[in-house]
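Trainee: I should like to learn how a sheet and its aromatic contacts are read from a model. May we work through one case together?

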Amino acid sequence: MIKMKYCSKCLYPNIAVNLKIDDNSVCSSCKSSEKFIKLNKNFWAKRKKILIKIFKESKKRNTSNYDCLIPVSGGKDSYYQTHVVTKEFNLKPLLMTYDGNNWLPEGEHNRNRMKHNFNADHIMWSPSVEVLKKLNRLAFKKMGDMNWQNHCGIDTAPIITAVKFKIPLIIWGETNWDISGMYDPEDFMEYNARDRHEHALRGFEWHEFVNDKKDKLNEKDLLWAKYPTDEEILSVGVRGLFIGNFFPWDGKKNAELAVKNYSFQTKKKPFQRTYRNFSNLDDRYENGVHDFMKFIKFGYGRCSDHASKDIRNSHMTRNKGLELVKKYDHVVPDDLYHWLNYVEISEKEFWQIADTFRDPRVWWIKNGEWYKDNISGGPSSFGNVYLNKKQVLNFNKRQKEILNFKN
């Protein structure tokens, strides 16, 4: 069987998106992270001056009453973004939230407090709940990701809003350099339509969800998902910047700042699939069934993400992270049943569909069970196989093709 390869510094497997592990067993994310962590105060002081200059230039061409637009979920990173913009630079932003209808109580509280904490106007874009339920079902069946509507809304509705309100500057949060190592400090990444389409939207667009025979949707149902034309964007000069390019980024410290300065609420009850209590409070499924689908596909989960970030930022040892990953990554969360009820899908149908998305570079079938290589060494079994005989044969065929290609 194909052996999973894991980074020797963090906990990421080689299957993680865009990740590369070198001959010394160090992943591209850790190598990129080291470059950011080594940056000194002089570097960040120069970057801050660049941002000041950008803000000044933006004001000259800004015909809006708002200095910038900040897409916010009400999470720890949203608080940090808005804190920097309002407290460091004394700017007046328009806050904008896409509402995917999946809020945890703490997340809803934190979101609603932002307009008070930062004296800012706040727009909520809330699609029809029936439309969202249909998209949950359709995206789960198409790509194994029931949260596609969230990814799409978060990356599209703010651009539409910026164009409509003629706000040329959008301030996003992290650059995602610590997820796959795609970016180095000198890359100075800005928001772009290609990254939105290929990564956030998994290569799917709104028009691929219309005219389904069962879950009937039309163009008007998905107006919030239609990316503006180049002409519309250029007419305003919309530009998307990432605070992570100008200030050191650390999710744990962002949460500590939000708790200390703004009475940010963390999760009262522990999550079932990760040890953190301050991440992804805006979406009940993000740490739960949505992340569980990542484990089903690729054999690792949100705990691996969180622990790897904390290891790189020296908040945790790798041994401690390994202990946590073994405890959390494989857990079937209770919110699976909440989601099944929400979208009216049976548990049997869920497993039959979910199994079709297992990556044959990770999983194999033995005696009617799924197996994968564990990060702690050796293969382990994780649940029964719900594929039919034809699907099993197709899965085994794909796996043999990969093995032959490797050889």
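**Reading a sheet and its ring pairs**

Mentor: Lys366 stands opposite Glu369 in E7. Please keep in mind that this is a predicted model.

Trainee: How many bridges join E6 to strand E7?

Mentor: In general, the strands of a sheet pair through backbone hydrogen bonds, either parallel or antiparallel. Here, E6 and E7 (residues 369-373) run antiparallel and are joined by four bridges.

Trainee: What is the order of the strands in the open sheet?

Mentor: The three strands follow the order E6-E7-E8, with antiparallel pairing. E6 (363-366) and E8 (379-384) are the edge strands, each pairing on one side only. On average, neighbouring strands are turned by 35 degrees against each other, direction ignored.

Trainee: Which helix packs on the sheet?

Mentor: Helix H11 (residues 289-298) does, touching E6, E7 and E8. The direction of H11 makes about 70 degrees with that of E6.

Trainee: How should the aromatic pairs be read?

Mentor: Planes over 60 degrees apart count as edge-to-face. The structure holds 29 aromatic pairs. One of them, Phe188 with Phe246, is edge-to-face, at 5.3 Å centre to centre and 90 degrees between the planes. Phe188 lies in the loop between helices H7 and H8 and Phe246 in the loop between strand E5 and helix H10, so the pair ties together parts 58 residues apart in sequence.

Trainee: Is Phe246 buried or exposed?

Mentor: Phe246 is buried, with a relative accessible area of 1%, whereas Phe188 is partly exposed at 22%.

Trainee: Which pair links helix H11 to strand E8?

Mentor: Phe295 in H11 and Phe382 in E8 are 87 residues apart, and both are buried. Their rings are edge-to-face, with 75 degrees between the planes.

Note on methods
Residues are numbered from 1 along each chain as its sequence is written. This is a predicted model: local features need pLDDT of at least 70, side-chain atom pairs count only at pLDDT 80 or more; totals for chains, interfaces and linings use all residues. Side-chain values use heavy atoms; hydrogens and water are left out. Two strands pair if DSSP finds at least two bridges between them. Helices (H or I, at least four residues) and strands (E, at least two) are DSSP runs, numbered from the N terminus. Axes are lines fitted to C-alpha atoms, for helices over the stretch in contact, and angles run from 0 to 180 degrees between N-to-C directions. Contact means heavy atoms within 4.5 Å. Rings of Phe, Tyr and Trp (its six-membered ring) pair if their centres lie within 6.5 Å; planes under 30 degrees apart count as stacked, over 60 as edge-to-face and the rest as tilted. Buried means under 20% relative accessible area, exposed over 50%, partly exposed in between (1.4 Å probe, protein chains only).
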